[in-house]
Amino acid sequence: MTRTDGAARLRAAFKSAADADRAAFVAYVMSGFPTENDAIEAGSAALRCGADILEIGVPFSDPMADGPVIAEAGRVALAGGGGFDSAVRMLAALRSRGHGQPILAMTYLNPLLALGDGVGLQRLAGAGADGVIVPDLPAGEMPRFERAAASRGLALSFLVAPNTAPSRLEAAIRASTGFLYVVPLYGVTGARETLAADAVELLGRINAAAAGRTPVAAGFGLSSAEQVHELAAVADGVVVGSALVAAMRDGGADALGVLVARLSTGVLRAAT
């Protein structure tokens with residue numbers, strides 16, 4: 001199976017979901033947590049149990065956008081020797097198991113820059129990644145990085161939030177060759193019992209701005225199928241992270257798979 005064009009593979013995943021009248025379910029798993037082998041099992045469970053797209057988190061020492069659950073998972077992974085290398089090995093292992101869904105690496109910019117110009121991107125692409133999410137890189141700030149990703153067949157997905165200026169939103173829409181990642185709340189990651197009050201209205205405005213130019217996926221804070229269902233009505237994809245990492249922490253890959261199966265029922269747009 002060729003993965004030379006991650007952008008096309010991601011668009012196909014979103015289209016397949018839309019054709020079935022649902023949003024794509026995007027699952028996040030931290031590489032190296034609590035061990036490298038455990039993380040591989042977690043990623044495999046997520047892809048078997050309902051994830052259309054997988055995000056593999058690269059643990060980092062200063063995770064400024066991460067809430068306590070994901071930040072602690074990153075600390076555990078780093079203490080056990082995890083890092084960029086373990087994320088690359090996880091990617092390769094999932095591909096060797098035959099998982100064909102799109103997989104993205106979610107990493108802060110520093111680990112990529114520390115490896116040298118283009119080296120990190122090349123290693124991700126070589127292991128089977130379809131794209132990269134860099135939460136501390138605004139769209140348009142590093143054109144050379146964007147070109148380097150594109151030349152390796154890696155799609156880029158940029159983050160926007162409720163306070164993103166219109167000019168920044170437009171730049172992120174133009175540059176997001178994978179999907180536009182909407183954070184419909186202020187603050188860091190972490191499961192919450194309710195959606196932000198204006199999340200649905202925010203998604204409506206961003207969808208109008210994107211106007212079909214790139215898929216729009218919303219995440220940060222989702223912990224129930226009901227929340228997933230509410231956002232699935234106004235987003236092309238729904239991202240779940242902290243709740244899955246907590247399930248992995250408390251019950252291992254089996255518990256994570258059970259939660260993916262339960263939450264992914266919420267992506268259906270028809271009444272459930």
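This report describes selected local features of a predicted model, from its nonpolar core to its backbone exceptions.

Residues are numbered from 1 along each chain as its sequence is written, and side-chain values use heavy atoms, with hydrogens and water left out. Because the model is predicted, local features need pLDDT of at least 70 and side-chain atom pairs count only at pLDDT 80 or more, while totals for chains, interfaces and linings use all residues.

**Core and helix H8**

The largest nonpolar core (a set of buried Ala, Val, Leu, Ile, Met, Phe, Trp, Tyr and Cys residues joined through side-chain atoms within 4.5 Å) has 98 residues. Leu-54, Leu-124, Leu-180 and Leu-256 have the most contacts inside it. Helix H11 (residues 242-263) supplies the largest share of this core, ten residues. Helices (H or I, at least four residues) and strands (E, at least two) are DSSP runs, numbered from the N terminus. Contact means heavy atoms within 4.5 Å; leaving aside neighbours within four places in sequence, Leu-54 is in contact with Ala-27, Val-29, Gly-43, Ala-46, Leu-47, Leu-94, Pro-102, Ile-103 and Leu-104.

In helix H8 (166-175), the buried residues are Leu-169, Ala-171, Ala-172, Ile-173 and Ala-175. They pack against H7, strand S5 (155-157), strand S6 (159-160), S7 and H9. Thr-177 follows in the loop between H8 and strand S7 (180-182). Apart from neighbours within four places in sequence, Thr-177 is in contact with Ala-7, Arg-11, Leu-154, Ala-155 and Leu-156. The C-alpha atoms of Thr-177 and Leu-137 are separated by 15 Å, and these residues are 40 apart along the chain.

**Accessibility of four loop residues**

Buried means under 20% relative accessible area, exposed over 50%, and partly exposed in between (1.4 Å probe, protein chains only).

| Residue | Loop | Relative accessible area | Class |
|---|---|---|---|
| Asp-21 | helix H1 (6-19) to S1 | 41% | partly exposed |
| Asp-52 | helix H2 (36-48) to strand S2 (53-57) | 14% | buried |
| Thr-177 | H8 to S7 | 33% | partly exposed |
| Ala-211 | helix H9 (199-210) to strand S8 (216-218) | 57% | exposed |

The side chain of Asp-52 makes a polar contact with that of Arg-22 at 2.8 Å. A polar contact is a pair of N or O atoms within 3.5 Å; within protein, one must be able to donate a hydrogen and the other to accept it, and residues adjacent in sequence count only if both atoms are side-chain atoms. Not counting residues up to four places away in sequence, Asp-52 touches Arg-22, Ala-23, Ala-24, Phe-25, Gln-101 and Pro-102.

**Backbone exceptions**

Most residues other than glycine have a negative phi, and most peptide bonds are trans. Asp-21 has a positive phi, near 60 degrees. Ala-211 likewise has a positive phi, of about 50 degrees, although it is not a glycine. The peptide bond from Phe-33 to Pro-34 is cis, with omega near -10 degrees. Pro-34 lies in the loop between strand S1 (24-30) and H2.

**Second largest pocket**

On a 1 Å grid over the protein atoms alone, a pocket is an open set of points where a 1.4 Å probe fits, with protein on both sides within 12 Å along at least five of seven lines; lining residues have an atom within 4 Å of a point. The lining of the second largest pocket includes Leu-112, Asp-117, Met-142, Arg-144 and Phe-145. Helix H5 (109-114), helix H6 (119-127) and helix H7 (143-151) are the elements that give two or more residues to this lining.
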